[in-house]
Amino acid sequence: MAEKDKFANALDQNEISPALLSELDALFSDAKQERPVLSARLENAVLADALAAMPAVQHERAADRSAGSSAAGGMFRQLSEAVGGWPSLSGMAVASLAGLWVGFLPPSALTTIESLARTGLTGEIHGDVASFDGFDLAVVMSEDME
Amino acid sequence: MVFRAAFSKGRGLTARPSGASTHEGPDGAREVASRDVELLRRYAQGDARAAAELNQSLTPRAFGVAMRVLGDRAEAEDVAQEAMLRLWKIAPEWDDQGAQVSTWLYRVVMNLCIDIKRRKRGGNVDIDDIPEPADPAKTAVETLQDTARQDALQAALMTLPERQRQAVVLRHIEELSNPEIAEILSISVEAVESLTSRAKRALAKNLAARKAELGYRDG
């Protein structure tokens, strides 16, 4: 039995060549270069956990409860600080509203906006865009010239 | 493959916290370790920015090592979130003279990974007392004709017994020292050396059997 194990071990050793071990090391080396890609959900969840469990917030909540007010303001302030303050939050709000607005526009309106951007006339006739929503810019301008 | 979505090339965007001895050197590792402790102290005092910084530096590491050990993104995310939650909760009582934050976090992650494996098996027996069952990932490896080499490495890792996988990931991918791994896994340094040695041999044999699939050349 011992001889058999000895033979099996020797066989195992023979199967692992230095070249194979260096290939394995190369794989490990590649793996070290990779960095984890976190989902936004995980990042946000961990940060939300952190703010909810923060001792100062817990104390603030207790104080607010005793004062009869909500702790939501405190949590919002902490979130604001964590993401970089009011400028970041206001930027996020503007970007969100812009995205919402574009999402509601019909495809024809987007085409018109793109055409305006190309002609460089966006500033001058911005008010007309809403008036002639859905019309091609060339048609609008030709009507103006008549 | 789902595993690929969990990692990307380059390590520049996430700071590696304490324990990254190979890259930062002992002085760098100590510096990062003391920074983690300082951030944890500030968090405990109500500094939200400290929470954000710890989240940026430690969560990727907790998730990364859980992903390597579990091979499942959803489970790895759950483990990372739970481990970080435990860190937030222990922050007020953190012992400045005690373990490094990252070492503590690794230990929690590894224990949570074991808990998940144990729940999957549906029993209460000690995971180290039972033989490792054949892993379904083995069959996956056999069908990965066009899989990237790192996917194959992960698949090969998943064929290892739990403790071997943890030890080899911590040693050869996370680049921790054997004493650190011993502390994380609550075993002796000699046991760590034995685990990593056996794991490397098993991985090499596994990869040898699939060299053609990995696009290797001899020599």
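# Notebook: a look around chain B

**Entry 1: two loop residues.** I began with Ser186(B), which sits in the loop between α9 and α10 of chain B. A reminder to myself: this is a predicted model. What is the sign of phi in Ser186(B), a residue other than glycine? I found a positive value, near 55 degrees. Next I looked up how covered Ser186(B) is, and with a relative accessible area of 60% this serine is exposed, since the cut-off for that class is over 50%.

Glu175(B) also caught my eye. Its phi is near 60 degrees, again a positive value in a residue other than glycine. I placed Glu175(B) in the loop between α8 and α9 (178–185) of chain B. Is Glu175(B) buried or exposed? I noted 5% relative accessibility, so Glu175(B) counts as buried.

**Entry 2: the chain as a whole.** I stepped back to see how chain B is put together. I counted 11 helices and one strand in chain B. Along the sequence, the pattern opens with a helix, then the strand, and continues with helices to the end. Chain B has 219 residues, and 55% of them count as buried. I also looked at the contacts in chain B with a separation of 6 or more: 64% of these join residues 24 or more positions apart. For the surface, I wrote down about 9800 Å² exposed by chain B, with carbon and sulfur atoms supplying 50% of it.

**Entry 3: helix α8 and what surrounds it.** I turned to α8(B) next. Of its 11 residues, 10 are buried, so α8(B) is largely enclosed by the rest of the structure. Among the buried ones I listed Glu162(B), Arg165(B), Val169(B), Leu170(B) and His172(B). What covers the buried residues of α8(B)? The cover includes a helix from the other chain, α2 (18–33) of chain A, as well as α3 (48–70), α5, α7 (149–158), α9 and α10 of chain B.

I then followed one of these partners, α10(B). The axes of α8 (residues 162–172) and α10 (residues 189–208) of chain B come within 8 Å and cross at roughly 95 degrees. That angle falls between 65 and 115 degrees, so α8(B) and α10(B) are roughly perpendicular to each other. On the α8(B) side, the contact is made by Arg163(B), Gln164(B), Ala167(B), Val168(B), Arg171(B) and His172(B). On the α10(B) side I noted Leu195(B), Thr196(B), Arg198(B), Ala199(B), Lys200(B), Ala202(B) and Leu203(B). Sorted by class, the contact has six nonpolar, three polar and four charged residues.

**Entry 4: an asparagine in α10.** While on α10 of chain B, I stopped at Asn206(B), which lies in that helix. Its relative accessible area is 11%, and under 20% is the cut-off, so Asn206(B) is buried. Leaving aside neighbours within four places in sequence, Asn206(B) is in contact with Ala156(B) and Thr159(B). I also looked up Leu160(B): it is 46 residues from Asn206(B) along the chain, and their C-alpha atoms are separated by 9.7 Å.

**Entry 5: aromatic pairs.** How many aromatic pairs does a search of the whole structure find? I got two over all chains. In one of them, the ring centres of Tyr43(B) and Trp88(B) are 4.9 Å apart and the planes stand at 45 degrees, so the pair is tilted. Tyr43(B) lies in α2 (residues 21–44) and Trp88(B) in α4 (residues 73–90) of chain B, so the pair ties together parts 45 residues apart in sequence. I found Tyr43(B) buried, at a relative accessible area of 0%. Trp88(B) counts as buried too, at 0%.

The other pair is Trp94(B) with Trp104(B), and it is edge-to-face: 5.9 Å centre to centre, with 80 degrees between the planes. Trp94(B) lies in the loop between α4 and α5 (101–121) and Trp104(B) in α5 of chain B, so this pair ties together parts 10 residues apart in sequence. Trp94(B) is buried at 16%, and Trp104(B) counts as buried at 14%.

**Entry 6: back to Trp88(B), by way of Asn55(B).** My last stop was Asn55(B), in helix α3 of chain B. At 5% relative accessibility, Asn55(B) counts as buried. Which residues is Asn55(B) in contact with, leaving aside its neighbours within four places in sequence? In chain B, I listed Pro60(B), Met84(B) and Trp88(B). From chain A, I added Glu43(A), Val46(A) and Leu47(A).

Notes
Residues are numbered from 1 along each chain as its sequence is written. Chains are lettered from A and ligands numbered from 1 in the order in which they are written. This is a predicted model: local features need pLDDT of at least 70, side-chain atom pairs count only at pLDDT 80 or more; totals for chains, interfaces and linings use all residues. Side-chain values use heavy atoms; hydrogens and water are left out. Axes are lines fitted to C-alpha atoms, for helices over the stretch in contact, and angles run from 0 to 180 degrees between N-to-C directions. Helices (H or I, at least four residues) and strands (E, at least two) are DSSP runs, numbered from the N terminus. Angles under 35 degrees count as roughly parallel, over 145 as roughly antiparallel, 65 to 115 as roughly perpendicular and the rest as oblique. Contact means heavy atoms within 4.5 Å. Ala, Val, Leu, Ile, Met, Phe, Trp, Tyr, Cys and Pro count as nonpolar, Asp, Glu, Lys and Arg as charged, and the others, Gly among them, as polar. Rings of Phe, Tyr and Trp (its six-membered ring) pair if their centres lie within 6.5 Å; planes under 30 degrees apart count as stacked, over 60 as edge-to-face and the rest as tilted. Buried means under 20% relative accessible area, exposed over 50%, partly exposed in between (1.4 Å probe, protein chains only). Accessible areas come from the Shrake-Rupley method with a 1.4 Å probe; for residues, only the protein chains shown count as cover.
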